[in-house]
Amino acid sequence: MPRLTALRALAPLRLRGFRLLTIGQVTSNVGDACYAVALPWYVLAAHGGVLLLGTVLAAYGVPRTALIAVGGYASDRWRPQTVMMATDAVRALALAALAVTAATGPARAVVLVPIAVVIGAGEGLFLPGSFSIIPSLLSGDDLQAGNALASSGTQLATLAGPAIGGTLVIVAGPSLAFGLDALSFVVSAATLATLAGPADRGVRRASSAAPGAPAETEAAPVPTLRAMLRSERVLQIVVLVNIAANLGMGGMSEVALPALAHGPLHAGASGYGAVLAAFGGGALLGTIAAGQVGRLRRPVIVGSLAFLAEAACIAVAPYLGATFAVAAAMAGTGVLNGFGNVLTITAFQRWAPSQALGRLAGLLTLTSFGVFPISVALAAVVVRHWGPSPFFLLAAVTTAVAILAGLSQRAWREFGANHPATTPEPAHHLEGQPA
């Protein structure tokens, strides 16, 4: 049985297209992690100052958020891999220019800001396609395992990349780290260029769409995003759950958690790093577990239970009193978050009309990124006046309330449902009743 489970989780790798995608994206993620280490080192070590660093980060973040919706439209208008490959090529050139700049002189806003704008814009255009490309390559039970493998690759790159980037910066300076990131984009673009376009994305829809999914035929008009938001009850719930969860999680991870480590725990930098590593390792285990369980009959109910348990881990974390205990709670948070995310993302991909998947992915990504600055600003206010512990409770409550509200709706409970073929159930119209 363990052998069969492992084979199920790794089954998507037997497909050449998915193998190439995985190689390219893991390579690119490692390069991005190197960039994340090298950029602040380059700016601050060259006496650029915190103001310049903040300006460069803003120049990256604003166009990234602004162009996510455009990236979703482009992914639907053209193939996801076409958009991803084009943005990878442009970002490779931008990173190469940054590597040359770092090798030849100190950090200067006149050079760094335009490069950051290009990199951020490319990321915004890229993200929706990275969400919608996997369903174009995989079908049936392979889709969930493929999402788990993709998420696991990202987690591995996040864990290993900073160590690689830090070593490169120490040994050879930031220029080499920037150059490696540029090369990683070249590798990603090359792997995307070899992917064959999906001959008939409707084939996947027929084999894996869940009961209640919007009806889809080859001649059917492509639904607009506004029309789907008005008519599809489950989409409204997904967006609200996404906003509510991210309202707490961003501020918890970026503000309240480091404040807890620095203040009440007195954990120091090494202790804080251990807590972050525990969360990352837990998330990796959670995504692997999701790939092993196979296709569940009620995936969103199982995922919702995981998110509720995650909220409990977040709520108790600041009251455990010891660094190792908080790290254990964060590891549990990572496991449950990774597991629940894979299940719900897969259910969403199976439900979504293939012609609108890029725009829908852009909507979810935009709501996640859009609520982040609100979350960290709220966390800063709460932590400053009342300490970090209340914000952990706030993050837990917003997540739990959103999930419980979703579970009160039939559309959410039926979302991604896999009914046995021997006892077919009628498709449910997703407009539903008012909450």
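# A walk through a helical model

The side chains of Asp-88 and Arg-91 come together in a salt bridge, with 2.8 Å from N to O, and this is a good place to enter the structure, which is a predicted model. Both residues belong to helix α5, where they stand three residues apart, about one turn of the helix. Asp-88 counts as buried because its relative accessible area is 0%, and Arg-91 is likewise buried, with a relative accessible area of 2%. The pair is part of a network of salt bridges that links Asp-88, Arg-91 and Glu-123.

Stepping back to the chain as a whole, one finds 17 helices and zero strands. The protein chain has 435 residues, of which buried residues make up 50%, and its accessible surface comes to about 18,900 Å², with 70% of that belonging to carbon and sulfur atoms. When contacts between residues at least 6 apart in sequence are considered, 87% of them join residues at least 24 apart.

Salt bridges offer one way to follow such links, and a search of the whole structure finds five of them. In one of these, the side chains of Arg-359 and Asp-76 meet at 2.7 Å, N to O; this pair links distant parts of the chain, since Arg-359 sits in helix α15 (residues 357-386) and Asp-76 in helix α4 (residues 68-77), 283 residues apart. Arg-359 and Asp-76 are both buried. Another salt bridge brings together the side chains of Arg-298 and Glu-414, at 3.1 Å from N to O. Arg-298 lies in the loop between α12 (268-292) and α13 (299-316), while Glu-414 lies in the segment after α17 (410-413), so the pair ties together parts that are 116 residues apart in sequence. Arg-298 is partly exposed, with a relative accessible area of 24%, whereas Glu-414 counts as buried at 12% relative accessibility.

The nonpolar interior comes next. In soluble globular proteins, nonpolar side chains tend to be buried together. The largest nonpolar core of this model has 31 residues, and those with the most contacts inside it are Leu-95, Leu-112 and Phe-178. The elements giving two or more residues to this core are α2 (16-45), α3 (49-66), α5 (80-104), α6 (109-137), α7 (142-172) and α8 (174-193), and the largest share, seven residues, comes from α2. Leaving aside neighbours within four places in sequence, Phe-178 is in contact with Tyr-35, Ala-38, Leu-39, Tyr-42, Leu-95, Leu-98, Ala-99 and Ala-102. Apart from this core lies another, of 28 residues, among them Met-249, Leu-257, Val-275 and Ala-395.

Two threonines show contrasting degrees of burial. Thr-101, found in helix α5, counts as buried at 12% relative accessibility, and, not counting residues up to four places away in sequence, Thr-101 touches Tyr-42, Val-111 and Ile-115. Thr-65, found in helix α3, is partly exposed, with a relative accessible area of 25%. With neighbours within four places in sequence left aside, Thr-65 is in contact with Leu-366 and Phe-369. The C-alpha atoms of Thr-65 and Leu-125 are separated by 9.2 Å, although these residues are 60 residues apart along the chain.

The path ends at the surface, where Leu-285, Ile-288 and Val-335 form a nonpolar patch with about 230 Å² of accessible area together. Val-335 has its place in helix α14 (residues 323-351) and is partly exposed, with a relative accessible area of 30%.

How values were computed
Residues are numbered from 1 along each chain as its sequence is written. This is a predicted model: local features need pLDDT of at least 70, side-chain atom pairs count only at pLDDT 80 or more; totals for chains, interfaces and linings use all residues. Side-chain values use heavy atoms; hydrogens and water are left out. A nonpolar core is a set of buried Ala, Val, Leu, Ile, Met, Phe, Trp, Tyr and Cys residues joined through side-chain atoms within 4.5 Å. Buried means under 20% relative accessible area, exposed over 50%, partly exposed in between (1.4 Å probe, protein chains only). Helices (H or I, at least four residues) and strands (E, at least two) are DSSP runs, numbered from the N terminus. Contact means heavy atoms within 4.5 Å. Accessible areas come from the Shrake-Rupley method with a 1.4 Å probe; for residues, only the protein chains shown count as cover. Patches are made of residues with over 30% relative accessible area and no salt bridge: like charges are joined within 9 Å, nonpolar side chains (Val, Leu, Ile, Met, Phe, Trp, Tyr) within 5 Å. A salt bridge is a side-chain nitrogen of Lys or Arg within 4 Å of a carboxyl oxygen of Asp or Glu.
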